[in-house]
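Hi,

Here is the structure I promised to pass on. Have a look at it first, and then read my notes underneath.

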Amino acid sequence: MPYLRRVLAHSGLFWDVVNSLPTLVVALALFFRIFNPYFVPTATGLGLLLITLLVRPRLAVFSTMLLAVPVSLIAGSNDNGLFNAITFSVLLMAFLSGPVAVTVLRHRQQRTAALLAGVLVGVSNFISVIAVGMINGAVSSDTALNGLCAAGSGLCAAILCIGVQPILEWIFNLTTSAKLLELSNPNQPLLRRMLLEAPGSYHHSIIVANLAETAASAIGANGLLARVGAYYHDVGKLKRPQ
């Protein structure tokens, strides 16, 4: 219930993000299917990373499992039968990649963490393809090539995520951990002005930020958000620094 209340407390922009990502994922799946069906997991990987970073990690795993069904059917649509080796492989990749990506991103706030998650998802995808090939008794050079395509899909998803995430943050006015880290940079123009024009207030804000972050972390709140808020809480004193 507390988790549900936190989700419902978000503004309508929260749901705009959630509703727009499935459309993006399906469209990308159709696009990557043109090149290689084992490259289709790029779509689910991108959706997984974006929902984890922009919305909620647990929601990302749940959403990826739901999206895995239509995406896997798209991947195997040109093969024999509705449910075939390609469909099963893509479905397995989506189910395994969710926990892997969330585990990596949950405690890492830098944008480059998405790259590490993409690499590990790629490794997971490669193992999934090889495992399905071994089950079917058809491990060959083609299986290895398909595995490499699946591994590349994880890396491609990470690169796309790094490029798309700032755009979505700007469009939907989202405050993510990566955005907060950017705002905490002392070279931010507003913080720089404060240091030069109101140094007393600036140093006071630094002390308050340390206290706020420690207190927030102690009660399980967002310490980074408290720190950044404290950095800027006295910015109005720039009007009359004296």
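Before anything else, one term: contact here means heavy atoms within 4.5 Å. Please also keep in mind that this is a predicted model.

With that in hand, start at Ser128, which lies in helix 6. Which residues does Ser128 touch once its neighbours within four places in sequence are left aside? They are Leu92, Met93 and Leu96. Ser128 has a relative accessible area of 1%, and because buried means under 20%, Ser128 counts as buried.

Helix 6 also holds Leu116, and that one is a contrast to look at. Its relative accessible area is 37%, so Leu116 is partly exposed. If you follow the chain on from Leu116, Leu155 comes 39 residues away in sequence, yet the two C-alpha atoms are 8.6 Å apart in space.

Now for the core. The largest nonpolar core has 41 residues, and Leu49 and Leu50 are the ones with the most contacts inside it. Several helices feed into this core: helix 2 (12-32), helix 3 (41-54), helix 4 (57-75), helix 5 (85-105), helix 6 (113-135) and helix 7 (141-172) each give at least two residues. There is also a second, separate core of eight residues, with Leu191, Met194, Tyr202 and Ala209 among them. As general background, nonpolar side chains in soluble globular proteins tend to be buried together.

Leu50 is a good place to zoom in. Not counting neighbours within four places in sequence, Leu50 is in contact with Leu21, Leu24, Val55, Cys161, Val164, Gln165 and Leu168. One of those partners, Leu24, sits in helix 2. Leu24 is partly exposed, at a relative accessible area of 33%. Beyond residues up to four places away in sequence, Leu24 touches Leu46 as well as Leu50. Leu24 and Leu46 are 22 residues apart in sequence, with 9.2 Å from C-alpha to C-alpha.

Next, how do helix 3 and helix 4 pack? Their axes are 8 Å apart and the angle is about 160°. Angles over 145 degrees count as roughly antiparallel, and that is therefore how helix 3 and helix 4 run relative to each other. The crossing of helix 3 past helix 4 is right-handed. On the helix 3 side, the contact is made by Thr44, Leu48, Ile51 and Thr52. Helix 4 brings Pro57, Leu59, Ala60, Val61, Ser63, Thr64, Leu67, Ala68 and Val71 to it.

Last, the aromatic rings. The count comes to three aromatic pairs. In one of them, Phe31 and Phe35 have ring centres 5.2 Å apart and planes at 75°, so this pair is edge-to-face. Phe31 is partly exposed, at 41% relative accessible area, while Phe35 counts as exposed at 56% relative accessibility. Phe32 and Phe39 also make an edge-to-face pair, with centres 5.2 Å apart and planes at 75°. Is Phe32 buried or exposed? At 7% relative accessibility, Phe32 counts as buried. Ring pairs link Phe31, Phe32, Phe35 and Phe39 into a cluster.

That's the tour. Shout if you want to go through any of it together.

Cheers

Conventions: Residues numbered from 1 in each chain as written. Predicted model: local features only at pLDDT ≥ 70, side-chain atom pairs only at ≥ 80, totals over all residues. Heavy atoms only, no water. Core = buried A, V, L, I, M, F, W, Y, C linked by side-chain atoms within 4.5 Å. Buried < 20%, exposed > 50% of the residue type's maximum accessible area, 1.4 Å probe, protein only. Helix = DSSP H or I, 4+ residues; strand = E, 2+ residues; numbered from the N terminus. Phe/Tyr/Trp six-rings, centres within 6.5 Å; stacked < 30°, edge-to-face > 60°. Axes fitted to C-alpha atoms, helices over the stretch in contact; angles between N-to-C directions. Parallel < 35°, antiparallel > 145°, perpendicular 65-115°, else oblique. Left-handed = near helix turned anticlockwise from the far one by under 90°.
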